[in-house]
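Here is a short tour for someone who would like to know a protein before taking it to the bench. Please have the model open as you read.

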Amino acid sequence: MAKQAISTPVIRRLPRYYRFLGELEAEQMERISSKELAQRMGLSASQIRQDFNCFGGFGQQGYGYNISELREKIGNILGVNEKTGVILIGAGNLGKAVATHLDFRKRGCRLVGIFDRNEELHGVVTAGLTIQPMHRLADFCRQYQPEVAVLCIPKGAAQELADQLLALGIRGFWNFSHFDLRINNPHIIVENVHLGDSLMTLAYCMHSTEKEKK
Ligand code: NAI
């Protein structure tokens, strides 16, 4: 499968396809045409066909897509069965919410450790894991070799911590800290999350729709 040829916008649509197909599976549907899937997802059928062609098709002319097969294939591309080891740093309001409310396993990840520098949090159990002090981080990483770190710490702490984590073998950051990490290694992946950006996009769209109505 030619993974190198896949554009980022297509990759970004895959989790959504995966989620929709999971819902269709739950409705006991077996097959779906690109047209129907497009209608349900608010995309065009040609967009869907184009996206799936990046991975070698999947569908059959006039027959549609087998939902379970398609979901499994997209899941394999996304690596949902790989169970990448993840640690979370910063068990404050956001960190606890992310650890507790997000099903890491469904997304190909396994949350294996939570760390915070605040002594009052040490020993507290969140998402089935005991929050650990930062001085245990290095030994923990050597032992369990997590590959991804979720950063739920304030901006000012992010770069130093990221440098430390890189030295401990972390290869991917899910970065909530609102700080643009400086990492000079093309093999390290940083996914920045800004919930506020999403809200601003919503607000903008609301205003522009209102303006159009006038
Ligand atoms: P919080 O203050 O409740 O939690 C932060 C936690 O990080 C605390 O438990 C603190 O002890 C810990 N911490 C701070 N420095 C640390 C370090 N160097 N090493 C280990 N632990 C450390 O704050 P909250 O509300 O959980 O937010 C955390 C960060 O996430 C903030 O910077 C906030 O601006 C940001 N945020 C980002 C969002 C996004 O969409 N990206 C949404 C909400 C918050």
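In which strand does Thr 84 lie? Thr 84 is part of strand 3 (residues 84–89), where strands are DSSP runs of E with at least two residues, helices are runs of H or I with at least four, and both are numbered from the N terminus. Before going on, note that this is a predicted model, in which local features need pLDDT of at least 70, side-chain atom pairs count only at pLDDT 80 or more, and totals for chains, interfaces and linings use all residues. Residues are numbered from 1 along each chain as its sequence is written, and side-chain values use heavy atoms, with hydrogens and water left out.

**The whole protein**

The protein has eight helices and nine strands. Its C-alpha atoms fill a box of roughly 60 × 50 × 35 Å along the principal axes. Of its 214 residues, 39% count as buried; buried means under 20% relative accessible area, exposed means over 50%, and partly exposed lies in between (1.4 Å probe, protein chains only). The accessible surface comes to about 13400 Å², with 50% of it belonging to carbon and sulfur atoms. Areas come from the Shrake-Rupley method with a 1.4 Å probe, and for residues only the protein chains shown count as cover.

**Around Thr 84**

Thr 84 is buried because its relative accessible area is 18%. Leaving aside neighbours within four places in sequence, Thr 84 is in contact (heavy atoms within 4.5 Å) with Gly 108, Cys 109, Arg 110, Glu 147 and Val 148.

**Three residues to look up**

| Residue | Place | Relative accessible area |
|---|---|---|
| Arg 19 | helix 1 (residues 8–26) | 45%, partly exposed |
| Gln 145 | loop between helix 6 (137–144) and strand 7 (148–151) | 60%, exposed |
| His 178 | loop between strand 8 (172–175) and strand 9 (189–192) | 47%, partly exposed |

What is the phi of Gln 145? Gln 145 has a positive phi of about 50°, although it is not a glycine. His 178 is likewise not a glycine, and its phi is positive, near 65°.

Arg 19 belongs to a positive surface patch along with Arg 16, Lys 106 and Arg 107. A patch of this kind takes residues with over 30% relative accessible area and no salt bridge, joining like charges within 9 Å. A salt bridge is a side-chain nitrogen of Lys or Arg within 4 Å of a carboxyl oxygen of Asp or Glu. Lys and Arg count as positive here, while His and the chain ends are not counted.

Methods:
Patches are made of residues with over 30% relative accessible area and no salt bridge: like charges are joined within 9 Å, nonpolar side chains (Val, Leu, Ile, Met, Phe, Trp, Tyr) within 5 Å. The place of a charge is taken as NZ of Lys, CZ of Arg, CG of Asp or CD of Glu.
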